[in-house]
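Open the model in your viewer and keep the sequence panel beside it. The stops below are given in the order in which to select them.

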Amino acid sequence: MDNLTPKNIVEELDKYIIGQNKAKKAVAIALRNRWRRQRLSDELRDEVLPKNILMIGPTGVGKTEIARRLSRLAQAPFIKVEASKFTEVGYVGRDVESMIRDLTGLALSMVKTEHMEKVQEKAGALAEEKILNILLPPQKSQRKGSLTGAEEPIDEERQDDNETREKLRGQLKEGKLDNRYIDLEVREKVMPFGVVSNIGMDELESNLKEMLGNFLPEKAKRKKVRVSEALLIIRQEEAGKLIDMDKVVKEAIERTEQNGIIFIDEIDKIVSRGSSHGPDVSREGVQRDLLPIVEGSTVSTKHGPVRTDHILFIAAGAFSISKPSDLIPELQGRFPIRAELGPLGKDEFLKILKEPKNALIKQYIALIETEGVTIKFTEDSINEIASVAATVNEKTENIGARRLHTILEKVLEDISFDAPDMKDRELAVSAKYVKEKLGDIIKDEDLSRYIL
Ligand SMILES: Nc1ncnc2c1ncn2[C@@H]1O[C@H](COP(=O)(O)OP(=O)(O)OP(=O)(O)O)[C@@H](O)[C@H]1O
Ligand SMILES: [Mg+2]
């Protein structure tokens, strides 16, 4: 975290997102400010509130992508929610507070993983002993000893046992026993029907599930597993026993409160448009519900109360029909930093196709490569694709970089289909090929609307 300076953050984001520098800068500063805040005196730290960000830009220009990449960098509890989720018809008001609960849950598993990481070595040693016990039950020599009562043979046998055990240990360490099967008691929680499959359950349901989970007998099943797998299973089990859950919970709540970031996507979808009837009421309702959370309040979660004052909120929306000023004024005020993302044109498309680490062209090449076919895109073919994307965006709907997906898919349709049976193991995609595949579609505007 220490070397995540705003400049470095922007550089990291640059690896995946083309342009949009203003937005990158804004989120980079916001993230760095969390780090700065941690370094203040207790007194001052409480005073510094995060400056929430509103990202505004047309569809498909990288808003969500920036948030996604930022989350990987942040190493902070980070969740993304769709504001519209809280207004779905027939499902009015999945309560807005649930996002804080989700964030806390996430922080909990983060912290738990870290704590488990720390006791891995100890747990590993314990697991090793347990496996050795299974491979070579220790009671054997003791029982025999108590039966015979004779001194000397016991020692000898113990000696033997110990030697065998150490030999086994050596083999275990070297991985020589990895493929041997042993019987292992695996505890499995049997989930009640229906409950697990419920998506979008809120606090009540998840509590219910947990309660039920506790009542349901943990089914202990004997299973044959490889030694290598058994080692992992037992190690996890032991690690779970070694960590102090109370400490984990406390740390998780603290991390949520101090470092949590919530990305609220599609915030423009909860803007009401003038009228105060129908679904708009619920939209404005969602905005009102959001207010206290963004402003700072206490939300009760099953792990304990969580304060939201210092959680950073980043909201994003296309605001194509509405404007940020259509949000209720109180909420507008809670997002003081505005970052605008511009529309993307041919030049950006060209870069998006080629440059990012996960660039689309790279993805397709890799996908087709799995069939043993190598495709090469000539420079002018990529140029052609970018230019078609820009044109279609202009003529029909501007869906930003998403257009590249639809176009590439179309260009490569035949190759994708035929690749497994192709005789040629190498293939060049030229501008001519692109034109061939797209020519008719582009000329006909109606056709473009349907296909691209
Ligand atoms: N500037 C960019 N650089 C690289 N890839 C981009 C860029 N903008 C968009 N993309 C790609 O386009 C797709 C859509 O982008 P994203 O999900 O960020 O759109 P969005 O701005 O959130 O749009 P919406 O308002 O519809 O949610 C993603 O696959 C993303 O990788
Ligand atoms: Mg988005």
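Helices (H or I, at least four residues) and strands (E, at least two) are DSSP runs, numbered from the N terminus. With that numbering, the tour can name its stops. The model is predicted.

**Whole chain.** Start with everything shown. The chain carries 20 helices and eleven strands. Of its 452 residues, 29% count as buried. Among contacts between residues at least 6 apart in sequence, 82% join residues at least 24 apart.

**Helix H4.** Select residues 63-74, which form helix H4. Does the length of this helix fit its residue count, and what span should twelve residues have at 1.5 Å a residue? The expected span is 16 Å, and the end C-alpha atoms of H4 are 16 Å apart, which agrees. Now colour Lys63, Ile66, Ala67, Arg69 and Leu70: these residues of H4 are buried. To see what covers them, add the surroundings, including helix H1 (6-14), helix H2 (21-38) and strand E1 (53-56). Strands E2 (78-82), E5 (261-265) and E8 (312-317) are also among the covering elements. Step past the end of the helix to Gln75, which follows H4 and has a positive phi, near 55°.

**Ligand 1.** Next, select ligand 1 and the 18 residues around it. Those that come nearest are Thr59, Gly62, Lys63, Thr64 and Ala401. H4 gives the most to this shell, with three residues. By type, the shell divides into seven nonpolar, eight polar and three charged residues. Colour by domain to place the ligand: domain 1 (6-112 + 255-340) and domain 3 (346-442) both give residues to the shell, so ligand 1 lies between them.

**Helix H17.** Move to residues 402-411, helix H17. Which of its residues are buried? They are Arg403, Leu404, Ile407, Leu408 and Val411. These cover an arc of only 125° around the axis, which puts them on the same side of H17. Show helices H14 (346-354), H15 (360-369), H16 (379-395) and H19 (431-443), which are among what covers the buried residues of H17.

**Glu413.** For the last stop, select Glu413, found in helix H18 (residues 413-418). Is Glu413 buried or exposed? Glu413 has 11 C-beta neighbours inside 10 Å and therefore counts as exposed, the cut-off for exposed being 12 or fewer. Finally, draw a distance from Glu413 to Lys437: the two are 24 residues apart along the chain, and their C-alpha atoms are separated by 9.0 Å.

Note on methods: Residues numbered from 1 in each chain as written. Chains lettered and ligands numbered in written order. Predicted model: local features only at pLDDT ≥ 70, side-chain atom pairs only at ≥ 80, totals over all residues. Expected span 1.5 Å × (residues − 1). Buried ≥ 20, exposed ≤ 12 C-beta atoms within 10 Å, placed from the backbone. Contact = placed C-beta atoms within 7 Å. Near = placed C-beta within 6 Å. Nonpolar A, V, L, I, M, F, W, Y, C, P; charged D, E, K, R; others polar. Domains from an automatic or database assignment. Arc of directions from axis to C-beta.
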